[in-house]
Amino acid sequence: MCNLYASTRPPQAIVQAADAMVVDPAIGNLQPQEGIYPDYTAPIVRHGDQGRTLAMARWGLPKPAFALKGKKVDSGVTNVRNTDSAHWRRWLGVPHRCLVPWTRFSEPGRTAEGKYEPVWFEMADPDVVPFFAGLCIAQWTSVRKLKEGAVTADLFAFLTTEANAEVGAVHPKAMPVILTTAADIETWLMADWAEARHLQKPLADGCLRRLAPG
């Protein structure tokens, strides 16, 4: 399950690939992010009042109620798999769908000594600008960290699915849902869930390249 990725493309490339119309002024001078971890703020393309908008949000949607029993904080859920869950169904409609731009993502691996080491992947075709199929909600109030107290923030996560050959060699259980074509992007952002749900599938084998350690 992906809990570390990078997003280093400039806003112009993201906006063009997503056919977006607006860049949220609050995004400022978007800088490359080489390491995006859970609860970090990162760019997404979402539906806005003026059309598709490049904006910033915190990584991690609210946890289900059963996972919060006895807990003082809701650190969020970064990866969504079970779209039949009532908890996630309320956010599967078009207004809550978004695109998460990325250039590299990692899955947990191990060195020969058994120590944790992230294994990184990128698109085999460097001309492709990929996105994770994301879900987002606006202005959700929760306690993300005790030292912060209650905060109101825009949140996002992305779908996962079965692993393809490249990712499965490292992490056989899951990989992010990756969108690489204009048609799939349009379907994800605009189609009814009955159609959009078919995009929750692994990227074709051979489309990803595993990077050397480090």
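## Strand 8 and its partners

Ser106 stands opposite Trp120 of strand 9. The model is predicted. The two strands concerned, 8 and 9, run antiparallel and are joined by six bridges. Strand 9 covers residues 116–123. Five residues lie between the strands in this hairpin, and one of them, Gly114, has a positive phi near 90 degrees.

Strand 8 spans residues 104–110. Five of its seven residues are buried, so the strand is mostly covered; here buried means under 20% relative accessible area. Strand 8 also pairs with strand 1, residues 5–7, in the antiparallel sense over two bridges. There, Tyr5 has Phe105 as its bridge partner.

## The five-stranded sheet

Strand 1 also pairs with strand 3: two bridges join them, and they run antiparallel. Tyr5 stands opposite Ile36 in strand 3. Tyr5 thus has a bridge partner in strand 8 as well, Phe105.

These pairings belong to an open sheet of five strands. Its order is 3-1-8-9-14, with antiparallel pairing. Which strands stand at the edges? They are strand 3 (33–36) and strand 14 (208–210). Each has a single partner strand, so one side of each is left without a neighbour in the sheet. Neighbouring strands of the sheet are turned by 30 degrees against each other on average, direction ignored.

## Nonpolar cores

The largest nonpolar core holds 31 residues. Val45, Leu54, Leu61, Leu99, Leu159, Leu179 and Trp188 touch the most other members. Helix 1 (11–18), strand 10 (131–143), strand 11 (150–161), helix 5 (182–190) and helix 6 (193–196) each give two or more residues to this core.

What does Leu99 touch, beyond residues up to four places away in sequence? The list is Ala18, Ile44, Val45, Phe131, Phe132, Leu179, Ile185, Trp188 and Leu189. A second, separate core has 26 residues, among them Cys2, Ala42, Val119 and Phe132. In soluble globular proteins, nonpolar side chains tend to be buried together.

## The whole chain

The protein chain has six helices and 14 strands. Its radius of gyration is 17 Å, close to the 17 Å that the globule rule gives for 214 residues, so the chain is as compact as a globular protein of that length. The C-alpha trace spans about 40 × 40 × 35 Å along its principal axes.

Buried residues make up 50% of the 214 residues. Among contacts with a separation of 6 or more, 69% join residues 24 or more positions apart. The accessible surface comes to about 10600 Å², and carbon and sulfur atoms hold 53% of it.

Conventions
Residues numbered from 1 in each chain as written. Predicted model: local features only at pLDDT ≥ 70, side-chain atom pairs only at ≥ 80, totals over all residues. Heavy atoms only, no water. Buried < 20%, exposed > 50% of the residue type's maximum accessible area, 1.4 Å probe, protein only. Helix = DSSP H or I, 4+ residues; strand = E, 2+ residues; numbered from the N terminus. Pairing = 2+ DSSP bridges. Axes fitted to C-alpha atoms, helices over the stretch in contact; angles between N-to-C directions. Core = buried A, V, L, I, M, F, W, Y, C linked by side-chain atoms within 4.5 Å. Contact = heavy atoms within 4.5 Å. Rg over C-alpha atoms; globule rule 2.2 N^0.38 Å. Areas by Shrake-Rupley, 256 points an atom, 1.4 Å probe, with all protein chains shown as cover.
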